[in-house]
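Got the viewer open? Here is a short tour, stop by stop, with what to select and what to look for.

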Amino acid sequence: AASKRSIGRCHCVAMKIAIEGCCHGELDAIYAAIAHLEVVEKVKIDLLICCGDFQAVRNLDDLECMSVPDKYKALGTFYKYYSGEKTAPIPTLFIGGNHEASNYLWELYYGGYVAPNIYYVGHSGVVNFGDLRIGGLSGIFKTHDYKKGHHERPPYSGHAVKTAYHVREFDVFKLKQVKSEIDVFLSHDWPRGIAQFGNKHELFRKKKFLKDEIESNTLGSPPAEELLKRLKPKYWFSAHLHVKYAALVKHEDEKTTKFLALDKCLPRRDFLQVIDLPEKSAEGGFALDEEWLAILKANHKYHSVTHRPAQLPAYGTPEAIDLEPHKKWVSERLQAAGSSATVPPEFVATRPAYDPSSETRRKGRAPADVDVNPQTKALMDLLELDLKITTPSGAGNNDDVKYYAVPRPGPFGNAPPRRAPPPPKVADPDEIEL
């Protein structure tokens with residue numbers, strides 16, 4: 001029996017993962033809560049997963065690239081882990097939400113380490129931790145930005161500071177091409193319709209203002225709903241609405257997805273949940289996913305980094321992409337690169353960390369350009385792809401889109417319309433108050 005156990009990975013001890021809702025930069029508090037739990041329950045957590053609003057804020061300048069009301073602008077404690085003052089005690093994985101340092105996450109669009117032992121899934125992505133396969137979609141859904149390209153760049157002037165975190169069709173299109181089984185999927189906002197699969201009356205009691213949206217089936221993200229039905233992961237974790245909610249989705253093929261949303265990190269709030277995964281091993285840590293690399297390779301030419309929508313084949317039909325030649329190419333490339341090819345590139349700091357001794361009162365200044373992150377460059381080099389995300393903000397944001405005034409009939413023939421006044425500024429009804 002001992003010789004049989006020595007073949008392959010030992011699953012004698014269940015993998016334990018901790019799921020956290022909205023982080024809001026409170027890494028110290030979250031790690032302290034986990035350390036306390038480990039002592040009290042006599043367990044060891046293998047992986048922490050945060051479901052958005054992570055706020056990887058390195059310095060005061062990053063704060064100016066985050067969509068947060070001024071009264072809530074705070075550095076948090078992430079910068080300590082970025083600078084090396086502290087080290088994350090647990091491997092940590094996260095997706096983006098709607099309150100992020102967008103400039104930093106953009107330079108890691110495909111994913112990567114934001115600090116040692118802290119890994120960002122990317123705007124969309126699939127990554128492995130041991131033999132646990134995790135997919136994720138960052139941001140929140142907004143209809144008016146869904147079809148657009150990724151046109152936003154630092155310093156994110158005007159409304160761009162908000163649209164930068166809106167989900168794009170191109171990122172969902174790539175995820176729809178995933179065929180191999182996903183164990184865990186992450187989204188910040190909930191899949192549309194998920195509330196129907198749990199105790200919605202208990203949800204009404206906690207969040208009365210959600211009742212109309214739930215009953216009209218307008219609460220949540222339609223693209224996330226499509227991914228839920230298509231990928232059918234074993235687990236789906238979300239945050240955003242600052243409430244704990246569980247649901248069980250039974251798919252037509254008898255597969256099931258266990259859904260859990262959690263609150264934000266505050267005292268006496270349900271922001272943390274430990275999940276046992278008895279058939280999984282943490283051995284090997286983070287690793288690039290071979291199928292996802294093939295998907296990146298196959299779809300790179302469709303990625304729009306301007307206002308123009310991505311010109312997806314067959315009107316956005318995932319089956320129109322033939323992945324097989326790209327899978328073969330990636331497999332051969334990884335074999336040629338050696339056994340360490342799927343190990344993610346190491347963390348490299350691209351901006352100075354906050355220095356509390358000299359910057360206590362300085363107001364931040366949003367950077368004016370995109371940093372070339374060595375991790376992203378290494379990934380593009382591995383796949384032999386060009387680095388699209390560093391396109392300057394002035395190249396293709398508005399320059400490539402020409403607007404023409406349509407003549408309108410008048411008493412003296414056709415005349416161009418007069419310039420209309422700008423629309424009034426209104427509160428965004430889809431934003432969740434912190």
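A salt bridge here means a side-chain nitrogen of Lys or Arg within 4 Å of a carboxyl oxygen of Asp or Glu. Keep in mind as you click around that this is a predicted model.

**Stop 1: a pair on one helix**

Select Glu332 and Lys328. Their side chains meet in a salt bridge, at 2.7 Å from N to O, which fits the cut-off of 4 Å. Both residues sit in helix H13, four residues apart, or about one turn of the helix. Now turn on the surface: Glu332 is partly exposed, with a relative accessible area of 43%, while Lys328 counts as exposed at 53%.

**Stop 2: where H13 meets H14**

Stay with H13 (residues 324-337) and add helix H14 (residues 374-383). The two pack at an angle of about 110°, with their axes 10 Å apart. That makes H13 roughly perpendicular to H14. Which residues make the contact? On the H13 side, show Trp329, Val330, Arg333 and Leu334; on the H14 side, show Asp381, Leu382 and Leu383. Sorted by class, that contact has five nonpolar residues, two charged ones and no polar ones.

**Stop 3: the Asp183 hub**

The structure holds 29 salt bridges, and this stop takes in a linked set. Select Glu181, Asp183, Lys234 and Lys280, which are joined in a network of salt bridges.

Start with Asp183 and Lys234, whose closest N and O atoms are 3.7 Å apart. Asp183 is in the loop between H8 and E8, and Lys234 is in the loop between helix H11 (222-231) and strand E9 (235-238), so this pair ties together parts 51 residues apart in sequence. Buried or exposed, what is Asp183? Asp183 counts as buried, at 5% relative accessibility, whereas Lys234 is partly exposed at 38%.

Next, swing over to Lys280. Asp183 forms a salt bridge with Lys280 too, with the closest N and O atoms 3.3 Å apart. Lys280 lies in the loop between strand E12 (272-277) and strand E13 (286-288), so the pair ties together parts 97 residues apart in sequence. Both Asp183 and Lys280 are buried.

**Stop 4: Gln177**

Finish with Gln177, in the loop between helix H8 (169-175) and strand E8 (184-187). Gln177 is buried, with a relative accessible area of 2%. What lies 3.2 Å from a polar atom of the Gln177 side chain? Select Phe173: the atom in question is its backbone oxygen. Then, leaving aside neighbours within four places in sequence, show the contacts of Gln177: Glu291, Ile295, Asn299, Pro318, Ile321 and Leu323.

Note on methods
Residues numbered from 1 in each chain as written. Predicted model: local features only at pLDDT ≥ 70, side-chain atom pairs only at ≥ 80, totals over all residues. Heavy atoms only, no water. Buried < 20%, exposed > 50% of the residue type's maximum accessible area, 1.4 Å probe, protein only. Polar contact = N/O pair within 3.5 Å; in protein donor to acceptor, adjacent residues only side chain to side chain. Contact = heavy atoms within 4.5 Å. Axes fitted to C-alpha atoms, helices over the stretch in contact; angles between N-to-C directions. Parallel < 35°, antiparallel > 145°, perpendicular 65-115°, else oblique. Nonpolar A, V, L, I, M, F, W, Y, C, P; charged D, E, K, R; others polar.
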